[in-house]
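Trainee: I would like to go through this model one feature at a time. Please show the sequence and structure.

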Amino acid sequence: MSAEWIAVDWGTTHLRAWIFEGENTPAHSLSSTDGMGSLDHDGFEPALLKLISPHLGDAPTPVICCGMVGARQGWIEAPYAKVPGSPPNARGAARLVAQDPRLDVRILPGMSQAKPADVMRGEETQIAGYLAAHPNFDGVLCLPGTHSKWAHISAGEVVSFRTFMTGEMFALLSKNSVLRHGMAGDGWDDAAFSAAVDDMISRPQSLGSDLFSLRAEGLLNGLSSDSARARLSGLLIGLELAAARPYWLGQAVALIGNDTLASRYAAALAGQGVVAQMLDADAMTLAGLCSAHKTLKEI
């Protein structure tokens, strides 16, 4: 069967598509490594067609996209909706004229904050997906990732948000710094993680020296790579929590992310007395895209 519409989450490293033959449940889930970061401007349409063309009919098929595909380096730059405000929907989407007449492409806006300057692309769709199911939520959404987001939500609007480069710093330090020599494998140590989170929330100013201690302990005391990786993650997530304290302290908190990373944030918050709701990032992205499609049908 031909698709009724197609939902697309197009990030820096991956392209994902959900094929809807009806209204609510995708019939197929597809993915490729043709992310925004590997494509030039003329490469986006061929990459999309390579993935979804078997599901296109003769008539134009609505394709609703979110993520970095709408960045300045993407297929077409989609505008930013400003905060405070509701997560953007299809009414503000950028409409792209594709060469293939079977494609009717809409790219959802990101969100921007003037002061302190901040932007998001993709996370606003996850926020919209969460609010579609929890319209009365008043609290904070944390979206862990390469660039983690903390968003204050009230009355269906994003009031403010902040971004932390925690995931990117972990990748750089564990793979490209002197600490890489003690980071082999992918093991984990829960106790080392929790202790590092507590240390950093109490003494965030000691990060520089605490980081080098990881290397020194490996040389002098045989610190295991499992403990070293967990401590590095705990130091960086603890630093993030220390800076984001005004967001989570005394607030209802929901985490939207992949299970492994969200679980670490949940454990770090639990150590501070915060019990966070956990939700799957893919499910929230899809819910946000479905909400955008519902709006598109009303236009």
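Trainee: Is Leu223 buried, partly exposed or exposed?
Mentor: This is a predicted model, in which local features need pLDDT of at least 70, side-chain atom pairs count only at pLDDT 80 or more, and totals for chains, interfaces and linings use all residues. Residues are numbered from 1 along each chain as its sequence is written, and side-chain values use heavy atoms, with hydrogens and water left out. Buried means under 20% relative accessible area, exposed over 50%, and partly exposed in between, with a 1.4 Å probe and protein chains only. Leu223 has 21% relative accessibility, so the class is partly exposed.

Trainee: Between which helices does Leu223 lie?
Mentor: Helices (H or I, at least four residues) and strands (E, at least two) are DSSP runs, numbered from the N terminus. Leu223 is in a loop, and the helices on its two sides are H5 (207–221) and H6 (225–243).

Trainee: Which residues does Leu223 touch, not counting those up to four places away in sequence?
Mentor: A contact means heavy atoms within 4.5 Å. By C-alpha positions, Leu223 is 8.0 Å from Gly182, which is 41 residues away in sequence. With that sequence filter, the residues touched by Leu223 are Leu214, Glu217, Gly218, Ala228 and Arg231.

Trainee: Which residues of H1 are buried?
Mentor: Helix H1 covers residues 44–52, and seven of its nine residues are buried. The cover over them includes strands E1 (5–10), E2 (15–20), E3 (28–32), E4 (61–67) and E7 (103–107). The buried residues are Phe44, Glu45, Ala47, Leu48, Leu49, Leu51 and Ile52.

Trainee: Which residues does Ile52 touch, leaving out those up to four places away in sequence?
Mentor: Ile52 has 0% relative accessibility, so it counts as buried. Its C-alpha is 7.7 Å from that of Ala17, 35 residues away in sequence. The residues touched by Ile52 under that filter are Ile6, Ala17, Ile19, Val63 and Leu103.

Trainee: Why is strand E11 largely enclosed by the rest of the structure?
Mentor: E11 spans residues 148–154. E11 is largely enclosed because the number of its seven residues that are buried is five.

Trainee: How many bridges join E11 to E12?
Mentor: Two strands pair if DSSP finds at least two bridges between them. E10 (residues 139–143) runs antiparallel to E11, with five bridges. E12 (residues 157–164) also runs antiparallel to E11, and the number of bridges joining E11 to E12 is seven.

Trainee: Which residue of E12 stands opposite Lys149?
Mentor: On the E10 side, Lys149 is the bridge partner of Leu143. On the E12 side, the residue opposite Lys149 is Thr163.

Trainee: Which residue takes a positive phi in the hairpin of E11 and E12?
Mentor: E10 and E11 form a hairpin with four residues between them. The hairpin of E11 and E12 has two residues between the strands, and the positive phi, near 55°, belongs to Ala155.

Trainee: What is the radius of gyration of the protein?
Mentor: The protein has nine helices and 14 strands. The globule rule (2.2 Å times the number of residues to the power 0.38, with the radius taken over C-alpha atoms) gives 19 Å for 299 residues. The computed value is close to that, so the protein is as compact as a globular protein of that length, with a radius of gyration of 21 Å.
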